[in-house]
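Work through the exercises below with the sequence and the model open side by side. Try each task before reading its solution.

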Amino acid sequence: MQSPAAPLLFPLFLDLRRRRVLVVGGGSVAARKIEALLEAGADIALVAPALDAALRDLVRAGRITHLAPAFAPAQLDAAWLVVAATDDARVNRAVSEAAQARRIWANVVDDAELASAQLPARVQRGPLQIAISSGGAAPMLARHLREQLEAQLDESLGALAQLLADMRGRIRALLPELGERRAFFRRVLAGSAQSLLRRGDADAARRNVEAELHATTPARRGRVALVGAGPGDPGLLTLRALRLLNEADVILHDRLVSDEVLALARRDATRIEVGKRLGGNHHATQQRIHALMIELAQAGKHVVRLKGGDPFVFGRGGEELEALRERGIDYEVVPGITAAVACAAHAGIPLTHRDHAQSLRLLTAHARDGEASHDWAALAQPGQTLAFYMGVSGLEQLRDNLVGHGLAASTPFALVENGSRPQQRVVAGTLAELPALARLHGVQAPALLIVGEVAALAPRLHWFGAAPLTADDARCRRLPRAA
Ligand code: SAH
């Protein structure tokens with residue numbers, strides 16, 4: 001037998017300010033509804049024999065009125081809307097029937113049959129709201145859609161809606177034609193206003209929108225977002241990174257950025273790999289990247305400069321910003337999960353486990369010209385965790401430097417190759433055996449080296465991919481090199 005078709009409900013946004021809403025029920029469900037109703041400025045009268053602590057607080061603070069312990073139809077006389085949120089089906093039915101008789105809209109929680117009004121799933125950004133309903137047919141689907149929209153819609157939309165509301169009168173006066181207004185809105189959306197609002201610079205955003213209001217030619221300003229792509233697993237991108245990838249005209253990405261992350265970008269965005277390969281001339285490459293970013297932004301493009309991990313951790317993000325600033329090009333920076341953090345998490349290494357380490361150092365194994373010149377004596381101090389980036393070659397030298405300056409040769413290490421990616425491998429042992437083990441297992445870039453007592457926790461706490469490879473594995477069987 002087919003179930004009856006879900007009704008097609010009429011969507012309606014109510015101005016509830018200072019209008020009475022009767023809520024029947026004093027539990028947590030009622031409390032959630034009341035929270036939303038209060039946001040809309042409703043005058044709430046509550047009917048319930050007993051109240052949740054949160055509701056008692058609201059009554060005490062004078063924000064809602066506790067009208068009576070039991071429902072009586074006459075309580076509806078002053079109300080515009082009623083919400084029945086009790087777990088007693090008879091009370092809910094009585095409320096529904098009394099409301100029906102008085103032609104007052106009634107929402108009955110979890111009972112589409114008894115309800116003449118349903119509350120939608122909603123996404124809110126300031127004054128901007130999206131309400132979703134399936135007419136009660138598939139509330140899970142509505143909720144799913146809401147979650148997707150939550151992830152996709154930028155928080156700055158609310159501030160933008162407010163800003164446009166503030167300027168509404170002037171916009172209409174200056175641009176009386178609908179066509180002009182549409183063109184103006186398109187310019188605002190394509191321009192920098194949202195990115196300025198994300199940065200918390202409401203004044204600059206207002207000036208930007210003002211400028212568009214007076215612009216005769218739709219001059220689109222280009223800009224660059226320096227975005228951290230995290231270690232490779234697309235689940236570790238930030239929502240902001242995802243949104244920017246969806247808006248980008250051009251994506252300049254490093255070689256380190258995974259295909260899975262790039263697959264999330266706008267389909268018709270131009271993708272350019274600008275990665276530096278080992279042995280190349282880093283300075284020349286970096287200059288080319290700067291020139292390309294500037295050229296694209298000056299041509300009005302929205303550029304995403306996508307970098308592995310975090311753009312400010314061994315990412316040369318600083319130099320790129322300086323180049324942009326010099327040319328007066330708009331930019332913003334979106335942090336990403338840096339390799340040390342991602343690799344530690346995926347290898348089961350609590351970087352600052354308090355029994356073992358009181359500090360964490362992010363280090364590079366290579367400086368501009370070859371080997372890094374660290375204060376090795378300081379690095380050899382106990383009670384800290386060292387995370388070395390770019391350290392696949394020169395492990396022998398690194399070990400010798402640390403041990404030579406007093407760090408015990410028995411100090412544990414973990415070398416994490418392709419951290420957080422499906423092909424992740426972890427090699428674990430003691431400093432003494434570090435170069436030999438890395439060689440034996442054929443560890444390749446990208447790999448991150450963690451040195452310190454916490455590294456010894458990996459064999460016990462690992463959860464992602466295979467267990468760490470140790471000297472024992474090496475003795476038992478030769479492992480195939482990573483593809
Ligand atoms: N900005 C990046 C680091 C760039 S330097 C970040 O914040 O992570 C490049 C080095 O990062 C690599 O040589 C390697 O040491 C490390 N790295 C980046 N991604 C990695 C990954 N998925 N697994 C292991 N190491 C990684």
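**Exercise 1. Which residues line the largest cavity, and which elements give two or more of them?**

Step 1. Read the lining. It consists of Arg223, Val224, Ala225, Leu244, Glu247, Ala248, His302, Val303 and Val304. A cavity is a set of points on a 1 Å grid over the protein atoms alone where a 1.4 Å probe fits but cannot get out; lining residues have an atom within 4 Å of a point.

Step 2. Assign elements. β8, α10 (239–247) and β11 (302–307) each give two or more residues to this lining. Helices (H or I, at least four residues) and strands (E, at least two) are DSSP runs, numbered from the N terminus.

Step 3. Sort by class. Six lining residues are nonpolar, one is polar and two are charged. Here Ala, Val, Leu, Ile, Met, Phe, Trp, Tyr, Cys and Pro count as nonpolar, Asp, Glu, Lys and Arg as charged, and the others, Gly among them, as polar.

Step 4. Give the volume. The largest cavity holds about 60 Å³ of space. A volume is the space filled by probe spheres set on the points, with grid points joined across faces, edges and corners.

A note on the source: this is a predicted model, in which local features need pLDDT of at least 70 and side-chain atom pairs count only at pLDDT 80 or more, while totals for chains, interfaces and linings use all residues. Residues are numbered from 1 along each chain as its sequence is written, and side-chain values use heavy atoms, with hydrogens and water left out.

**Exercise 2. How many cavities of 30 Å³ or more are there, and what lines the second largest?**

Step 1. Count. There are two cavities of 30 Å³ or more. The second largest contains about 30 Å³ of space.

Step 2. List its lining: Val123, Gln124, Arg125, Leu128, Gln129, Ile130, Leu153 and Leu157. The elements giving two or more residues are β6 and β7. By class, five residues are nonpolar, two polar and one charged.

Step 3. Look at the two strands. β6 and β7 pair in the antiparallel sense over five bridges. Pairing requires at least two DSSP bridges between the strands. Gln124 stands opposite Gln129 in β7.

Step 4. Inspect the turn. β6 and β7 form a hairpin with two residues between them, and Gly126 in the turn has a positive phi of about 60°.

**Exercise 3. Describe the largest pocket.**

Step 1. Start with volume: about 2000 Å³. A pocket is an open set of points with protein on both sides within 12 Å along at least five of seven lines.

Step 2. Find the centre. The lining has 47 residues, and the closest to the centre are Asn107, Gln118, Leu119, Pro120 and Ala121.

Step 3. Map the elements. α1 (28–39), β5 (105–108), β6 (121–125), β7 (128–132) and α4 (139–152) give two or more residues each. The largest share, seven residues, comes from α1.

Step 4. Split by class. The lining has 27 nonpolar, nine polar and eleven charged residues.

**Exercise 4. What is the strand order in each open sheet of five strands?**

Step 1. One sheet runs β3-β2-β1-β4-β5, with parallel pairing. Its edge strands are β3 (65–68) and β5, each pairing on one side only. Neighbouring strands are turned by 25° against each other on average, direction ignored. Such angles run from 0 to 180 degrees between N-to-C directions, with axes fitted to C-alpha atoms, for helices over the stretch in contact.

Step 2. Check one pair. β4 (residues 81–84) and β5 pair in the parallel sense over four bridges. The bridge partner of Leu81 is Trp105 in β5.

Step 3. Another sheet has the order β10-β9-β11-β8-β12, and its pairing is parallel. β10 (270–273) and β12 (330–334) each have a single partner strand, so one side of each is left without a neighbour in the sheet. Here the average turn between neighbouring strands is 20°, direction ignored.

Step 4. Check a pair here. β8 (residues 223–228) and β12 pair in the parallel sense over five bridges. Ala225 stands opposite Glu332 in β12.

**Exercise 5. Where is the cis peptide bond that involves Pro446?**

Step 1. Locate the bond. It joins Ala445 and Pro446, with omega about -5°.

Step 2. Place the proline. Pro446 is in the loop between α17 (434–440) and β19 (447–451).
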